[in-house]
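Please read the following briefing alongside the sequence and the coordinates. The topics are confidence, the contact between the chains, and one residue with its surroundings.

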Amino acid sequence: MFLSRISRFFLLTVVAMASLTVCAVEAETLHVVMHSDLKIVDPIWTTAYITRNHGYMIYDTLFATDANGKVQPQMVDKYTVSPDGLVYTLTLRDGLLWHDGTPVTSEDCVASIKRWGAKDALGQKMMSFVKDFTVVDPKTFRINLNSPTGLVLLGLGKPSSAAPFMMPKRVADTSPNEQISDFTGSGPFVFKKDEWKPGDKAVYVKFDKYKPRSEPPSGMAGGKVVKVDRVEWRVVADQQTAINALIAGEIDYIEQPAHDLLPLVKSDPNLKLADINPLGNQYAFRYNSTVKPFDNPKVKQALLYAFNQKDFLEATIGNPEYYKTCLEMFICGTPLGSTKGMDGLLTSNFAKAKQLLQEAGYDGTPIVLMHSTDLQVLTNLAPVAKSLMERAGFKVDMQDMDWQTLVARRSKKDPPSQGGWSAFLTSWVSADVLNPVSTAFLNSSCDKALFGWPCDAEIERLRDQFARETDPAKQKAIAEAVQVAWTKDPTHVFLGQWYQPAAVRKNINGFVVAPVTVFWNITKSTP
Amino acid sequence: MFAYIARRLVATIPVMAIVAVLVFAMLRLTPGDPASIIAGAAATSQDVAEIRTRLGLDRPIVTQFFIWIGHLLRGDLGESFFFKKQVADLVLDRVGPTVALSTMTILWSVLVAVPLGVVAAWKQGSWIDRVVMGFSVLGFSVPVFVIGYVLIYVFAVKLSWLPVQGYQPLRDGFGGFVGHLVLPTLTLSVIYIALIARITRTSVLEVLSEDYIRTAHAKGLPNRIVLMHHALRNAAVPIVTIIGIGIALLVGGVVITESVFSIPGLGRLTVDAVLARDYPTVQAVILLFSLVYVLLNLVVDVTYTFLDPRIRY
C-alpha cells in the first residue's frame with residue numbers, strides 16, 4: 001500500500017514535469033516582461049509608456065520617425081505639399097485592413113487625427129494650424145492649414161507618447177476624455193482582449209493580413225514584419241524573479257531589468273543584453289515656478305550652477321557604461337542637440353550659485369523637495385539634489401513618498417506649506433524631448449503649462465516660431481535660441497542621459513533599434 | 001447551535017458596515033489621486049480635472065460614499081478606474097490562485113506541523129524536540145522572501161525541477177497546477193509550520209501531565225493511542241485556534257509570496273490597486289478579506305463544540 005502511494009506520487013511528479021516541458025516548447029511565442037503592467041489600453045487617453053507600447057503593437061501610424069530621426073511615410077503611400085505649404089495631400093497604401101477585415105479609409109484617419117489632436121500637446125499645437133480636412137476618396141485626404149507649419153509631419157510621425165495611432169472611425173469618434181473599449185487596430189498584432197488579465201498577462205497574436213512596407217525596419221519606420229505567432233506580456237513584479245525566470249528559460253525578454261542585476265545577465269552563457277534604444281532617457285529636475293523661491297529666475301539659475309550631472313547619474317545608474325553626461329537639452333547626437341548657452345553651467349560652481357542666491361535675496365524659504373522612494377531609477381535622485389542644494393545655500397525639506405503620491409501632489413498649486421510642492425525629479429524617454437515643442441517641460445504658457453506652470457513669453461514665442469518653421473537649419477537655430485532663453489529663466493534642469501538595455505535569451509534576435517520597444521522583426525529560434 | 005450561527009451571521013452585517021466606512025474613509029484620506037495616475041506624466045491640470053469629473057471624484061465624499069454603498073447593496077462592486085473591467089470580474093479572476101495557494105499551504109502546514117509538535121512534546125528534551133524547536137525559531141526568523149529566493153535558486157534555476165514563477169489553473173492540467181504551487185507553498189508554509197508546531201507542542205505537553213493520561217498509560221494503552229486519542233484531542237482547541245488565525249493571516253500574508261513567485265492572486269491585486277489608488281478595487285478586496293476573517297472566526301468557534309463537548313453556545 002505504502003509503495004503504491006509512493007509510485008502514485010512519482011507518477012504525478014512525472015506528469016507535472018511533462019506538462020511543464022510541453023509549455024516550454026512553444027517556440028513561436030515570445031514571453032516578455034515589460035516595464036509595467038498594462039492597465040489602460042487607450043494610447044490617446046493616457047501618456048503612460050506601457051500604453052504607448054501597446055499602441056505600437058496593435059495600431060499603425062500615418063508617418064513614423066526612422067533611426068536617423070527623419071519622418072518617413074508609414075501607412076501613407078505618398079504625400080504632397082502644396083507650393084504655399086497650406087495643403088498636405090495624403091494617399092494611403094493599398095491593402096491596409098483593420099483587424100476585423102474592413103479596409104482602412106480616409107475617414108478613419110481624419111477621425112483619428114482629430115481625437116489625437118484634441119488630447120496630445122503636440123497634436124493640439126498642430127491642430128491650431130489646421131483649418132479643416134477634406135476627404136477626397138477612400139484612400140486620399142487633405143489637411144488644409146491656416147498657415148504653413150513644420151508640425152504636420154513632426155506630429156503625425158511623432159515617435160512616443162501620445163503617438164497619433166489610426167483607429168476605425170467608430171472608435172476614433174469616442175470622446176478623447178473617455179476610454180475606448182473597442183481595440184480594433186490595423187497594426188501588425190491583434191490584441192487578444194479575451195486573454196488579457198490585468199496583473200497577469202496581455203496577449204498579442206500576429207495579424208496575418210497586415211501588409212508591411214517593403215523597406216527594412218528603421219526606428220519606428222519601415223517594414224513591420226512579424227516573425228513570431230504570439231507575444232505574451234507577462235507581469236513579473238519582482239525583478240529578481242524576472243531574471244531567474246529568464247535564466248530558467250520561462251521568459252525570453254525583459255524590457256527594463258534593474259541595472260544592479262545586469263551582471264547576472266552578462267555572466268550567464270544563455271543570456272545577452274540588447275541596447276535597443278540608443279537615445280536612452282533623460283533625467284530632469286522640475287521647479288514649481290509659481291511658489292517662492294522658484295518664482296525668481298535667479299534662484300532657478302542658481303541650481304543650473306549648483307548641480308552637476310555626474311553626481312546624479314553615479315547615484316542612480318552607477319555604471320558609466322549605461323549613462324552619459326550631456327549638456328544638450330534636445331539630446332546629444334540628435335539634429336537639434338546643441339551646447340549653446342551652456343558654458344559654465346551644471347558644473348557645481350557653488351560660489352556662483354551662492355552669489356545668485358544673494359542677488360535674488362533668497363531668505364531661506366525651505367524647498368519642499370518631493371522624493372519618490374519606490375522607483376529604483378528615480379529613488380537616489382532627490383538625496384543628491386538635496387545635498388548639492390544645501391551646499392549652494394538652499395534650505396531643503398525633502399519629503400519621502402511613493403511615486404503615485406508624488407504624481408497626485410505635483411498637480412496641486414497650493415503653497416508647499418499647505419500640501420503643495422517646490423520641486424521633484426523625474427525621467428523622460430529621450431524621444432519625448434527631441435525638440436522645443438515636444439519637450440513638455442518647456443511649455444511656458446503659465447496655467448496651461450505642465451505642473452510647475454512656468455510663465456515665459458520669450459520661450460513661448462520661440463516655440464511658436466519653431467512650430468511654424470519648416471527649414472531644418474532654421475529649426476536648429478530656433479532650438480538653440482530656446483536653450484539660451486531657458487538659461488535665463490529655466491523651466492527645469494536636465495540631468496544627463498541614461499540607457500536601459502533589455503535582457504534577452506540568446507535565441508532571440510532581430511531587435512529593432514528604436515525609442516519604443518517593438519516586437520516586429522524579432523525571431524525566436526529553438527535554443 | 002443554529003440559533004448561535006444565525007446570531008453570528010447577523011452580527012456580521014454591522015461589522016461589514018463599519019469596515020466599509022473605514023476602508024472608504026481611509027482611502028480618501030490617503031494621499032494620491034487616481035485621476036493624475038491615469039492621465040500620465042504629460043497630462044495638464046485640465047486633463048486631470050476632466051478625468052476626475054468622469055470618475056465622479058469631484059463630488060463630495062459623502063455623495064461618493066452613498067453612491068458606492070447603493071451599488072454595493074445591489075451587488076455591484078463597481079468598475080475599476082484603470083482596467084475598464086467590473087471589479088467583481090477582476091476579483092473572481094484572482095480568487096483561484098490565492099485560494100489554491102492558501103489551501104495547499106494550510107494543508108501542508110497542518111500535515112507537517114501537528115505530527116512534529118506531538119512528537120516534540122512526546123520526546124520532550126530529546127534531540128527530536130530540539131530539532132523541531134530549532135526549526136521553529138528558524139521559521140520565525142527568516143523572512144519569507146529569502147526562503148522563496150533560496151528555493152527558486154535551488155529547485156528552479158539550478159536543478160530545473162520546478163518553474164520559477166507563474167500560475168497555471170487546474171483546468172489547464174493537474175501537473176502544471178501542482179508544479180507551479182510547490183515552491184510558493186513550501187515558502188509560505190515555513191512560518192506556519194513553525195507556529196503550529198510550537199503551539200501543538202505546548203498544548204500537548206500540558207495535556208500529557210494530566211491524570212487521565214497517566215490513567216491511560218496505566219491501563220496499558222499503546223503510546224500511539226494515548227497520544228492521538230487522549231492527548232491530541234484534548235489539546236486540539238488551542239491548535240485549531242492557531243490554525244484559524246493562521247488561515248486568516250495567510251489570506252493577507254500571501255502578498256509577498258505572490259510577488260516573489262509572480263502569482264496573479266488577490267494579494268497582488270490588492271497591492272497593485274493600492275499603489276494605483278484604484279478605489280473600487282481596493283474597497284472590494286478589503287471587504288472580501290474582512291468577510292473571510294469574520295466567517296473563519298465563526299467556523300473556528302463552531303469547531304470547538306465538536307472537539308470539546310463541554311463547550312456550548
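Chain B has an average pLDDT of 89 (pLDDT being the predictor's confidence in each residue, from 0 to 100), and 99% of its residues score at least 70. This is a predicted model, in which local features need pLDDT of at least 70 and side-chain atom pairs count only at pLDDT 80 or more, whereas totals for chains, interfaces and linings use all residues. Residues are numbered from 1 along each chain as its sequence is written, while chains are lettered from A and ligands numbered from 1 in the order in which they are written.

**Confidence**
- Within chain B, the lowest confidence falls in helix H2 (residues 34-39), with a mean of 80, and the highest in helix H8 (residues 174-208), at 94; helices here are DSSP runs of H or I with at least four residues, numbered from the N terminus.
- For the complex, the predictor reports an ipTM of 0.81 and a pTM of 0.83.

**Contact between the chains**
- Chain A contributes 46 residues and chain B 48 residues to the contact, where two residues are in contact if their C-beta atoms, placed from the backbone, lie within 7 Å.
- On the side of chain A that touches chain B, helices H1 (2-24), H7 (239-248) and H14 (403-409) of chain A each supply at least two residues, and H1(A) gives the most, with seven residues.

**Gln355(A)**
- Gln355(A) lies in helix H11 (residues 350-360) of chain A, and its C-alpha atom is separated by 9.7 Å from that of Lys298(A), 57 residues apart along the chain.
- Gln355(A) counts as partly exposed because it has 15 C-beta neighbours inside 10 Å; with C-beta atoms placed from the backbone, 20 or more others within 10 Å would make a residue buried and 12 or fewer exposed, with partly exposed in between.
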